[in-house]
Amino acid sequence: MLRLQELTKTYKTGDQALKDIDLDVPKGQVLALIGPSGAGKSTMIRCINRLVEPTAGAVMLDDTDLTRLGSGALRRARREMGMIFQEYALVERLTVMENVLSGRLGYVGFWRSFLRRYPQSDVDEAFRLLDRVGLLHMADKRADELSGGQRQRVGICRALIQNPKLLLVDEPTASLDPKTSRQIMRLITELCRERGLAAIINIHDVALAQMFVPRIVGLRFGEIVFDGPPTALTSEKLTEIYGEEDWEATIEKVEDEDEDIEAAE
Amino acid sequence: MSHRELDDMLGRGWRKPHFIKNPALRYGLTAGFVAYLIAAFMTIEVDWGRVYEGLDRGWQFILAFTKPDFLSRWSDIWSGLLESIVMTVAASVVGILISIPIGLGAARNIAPLPVYMICRGIVAISRALQEIIVAILLVAIFGFGPLAGFLTLSFATIGFLSKLLAEDIEAMDKVQAEAIRASGARWMQWINYGVQPQVMPRLVGLSMYRIDINFRESAILGLVGAGGIGATLNTAFDRYEYDTAAAILILIIGIVMALEYLSGIIRARVQ
């Protein structure tokens, strides 16, 4: 469904953030993108919806090459791709409901959005999504009154109300505590399964990625150096991605956590 | 820089590095500045005889505040005051409405370069021309009266508000705006959802502050014939009616303080 072909991004400073990336994401597949800071994870997902303009290569979403679209067509294509951000990126002075409904901006005209008169179907869907993430009672609160985990749930609703085919998720748990991080990852992967969504999740926490995601792609200096299931991510592979370090603890921890979760469920 | 051994550093004391490293230059500049300051004060001539005579006139003026005369010229004061308020409100509304698009255009992070240059140019012109100069020009064109004052204040509001609004937009949180763009929003929707909520409190605060400034300025503009309470005040001074002048000043001070209080409340509300 999504295919990156020889995707390259060179910044004006001459830094090559992405080097000839080829990646194929089938419909409904959730994958985690891991790698050290500066490896190009964030650049990669921003090149897909062109918040960052790629230098060369193609981004094929179904049969359209997103890199060749004009501004109107790009706007319509962005509706198909929901994005979830590090630090939530909610508009803090707007209410929870306005933040969720802002996911429909690509579908409604200016005056409707300006007057906050959204179609009833959009409003109903917003309520349904807020209920799904357990925040229905918060609909009229301002976004800056919410806790981190609650904000990220609103961010998830905003992405999903676009009715996307694909989720682009940038460090969803970077500023959350370990328990909330797991809840958020569980919620994202569950919702992807329910709706048959594909997702690319940038994540620092290797253990968390291994716990929830069936496919892991490792990025180093703008190149893919690992692509496989979590079980294939050995300590040698982690060394290849991140550099020399004692990885045994990380891997063992994952196994323990898996048991914990199985026991809890 | 060469590697500094810890042993050499220990026990050596530490001072913050000087802003100007070269000591000769540092002391030279300081001495030069002090010498200039002394010379500058020497050139200001003070005629002590004149000051002595003037003290009496000043004292009369201050005494007038103890018995301000609101009544004998009340109809002049009232019509001047009304004119000033009309000028202030009209100029503030028009100025603020024009400032918003210019402020958007003058923010480098959202406007393309040609638009940015034009809007910054407008801001620069408006800020370079002092209100009094603009008022003199406009009085020459439109004649005496509040129309010239209204246009002057509108023009001055644009320079002030557009510049500060643009600076606030440039300092906004980029990610919030990016999230709105990622949803496929149009440009206008992006401004309305991603930018406006971030700058609204500052826009309201600055607008209130500008209304306050416009009222005070309207009192000054009367001195050059641009209407308002300033014209009444000028007449009172010309007739040496210090008690009426005192009454007008007390009213101006009262209104400015009331506006200040009001804008404080409004700013606290919109945070």
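In chain A, four strands form an open sheet in the order 2-1-4-5, with antiparallel pairing. The model is predicted: local features need pLDDT of at least 70, side-chain atom pairs count only at pLDDT 80 or more, and totals for chains, interfaces and linings use all residues. Residues are numbered from 1 along each chain as its sequence is written, and chains are lettered from A and ligands numbered from 1 in the order in which they are written.

**The open sheet of chain A**

Strands of a sheet pair through backbone hydrogen bonds, either parallel or antiparallel. Here two strands pair if DSSP finds at least two bridges between them. Strands (E, at least two residues) and helices (H or I, at least four) are DSSP runs, numbered from the N terminus. The edges of the open sheet are strand 2 (16-25) and strand 5 (64-65) of chain A; each has a single partner strand, so one side of each has no neighbour in the sheet. Strand 5 of chain A runs antiparallel to strand 4 (residues 56-61) of chain A, and 2 bridges join them. In this pair, Leu61(A) stands opposite Thr64(A) of strand 5.

Helix 1 of chain A lies across strand 1 (2-10), strand 2 and strand 4 of chain A, and runs at about 60° to strand 2. Such angles run from 0 to 180 degrees between N-to-C directions, with axes fitted as lines to C-alpha atoms, for helices over the stretch in contact. Arg46(A) is found in helix 1 (residues 41-48) of chain A. Arg46(A) is buried, because 20 other C-beta atoms lie within 10 Å. The cut-offs are 20 or more other C-beta atoms within 10 Å for buried, 12 or fewer for exposed, and partly exposed in between, with C-beta atoms placed from the backbone. Neighbours within four places in sequence aside, Arg46(A) is in contact with Leu51(A) and Val52(A); contact means that the C-beta atoms, placed from the backbone, lie within 7 Å.

**Strand 7 of chain A**

Strand 7 (residues 166-170) of chain A has 5 of its 5 residues buried, so it is largely enclosed by the rest of the structure. Leu166(A), Leu168(A) and Asp170(A) are on one side of the strand, Leu167(A) and Val169(A) on the other, and both faces are covered. The table lists two pairings of this strand.

| Partner in chain A | Sense | Bridges | Facing residues |
|---|---|---|---|
| Strand 6 (residues 81-84) | parallel | 4 bridges | Met83(A) and Leu168(A) |
| Strand 8 (residues 198-202) | parallel | 5 bridges | Leu167(A) and Ala199(A) |

**Chain B**

Two packed helices are described by the angle between their axes and the distance between the axes. In chain B, the axes of helix 3 (residues 48-64) and helix 11 (residues 242-270) come within 8 Å and cross at roughly 55°. This makes helix 3 of chain B oblique to helix 11 of chain B. Gln60(B), Phe61(B) and Ala64(B) of helix 3 meet Tyr242(B), Asp243(B), Ala245(B) and Ala246(B) of helix 11.

The contact between the chains takes 19 residues from chain B and 22 residues from chain A. On the side of chain B, helix 8 (174-182) and helix 9 (187-221) are the elements that give two or more residues. Helix 9 of chain B gives the most, with 8 residues.

Definitions and conventions: Angles under 35 degrees count as roughly parallel, over 145 as roughly antiparallel, 65 to 115 as roughly perpendicular and the rest as oblique. Two residues are in contact if their C-beta atoms, placed from the backbone, lie within 7 Å.
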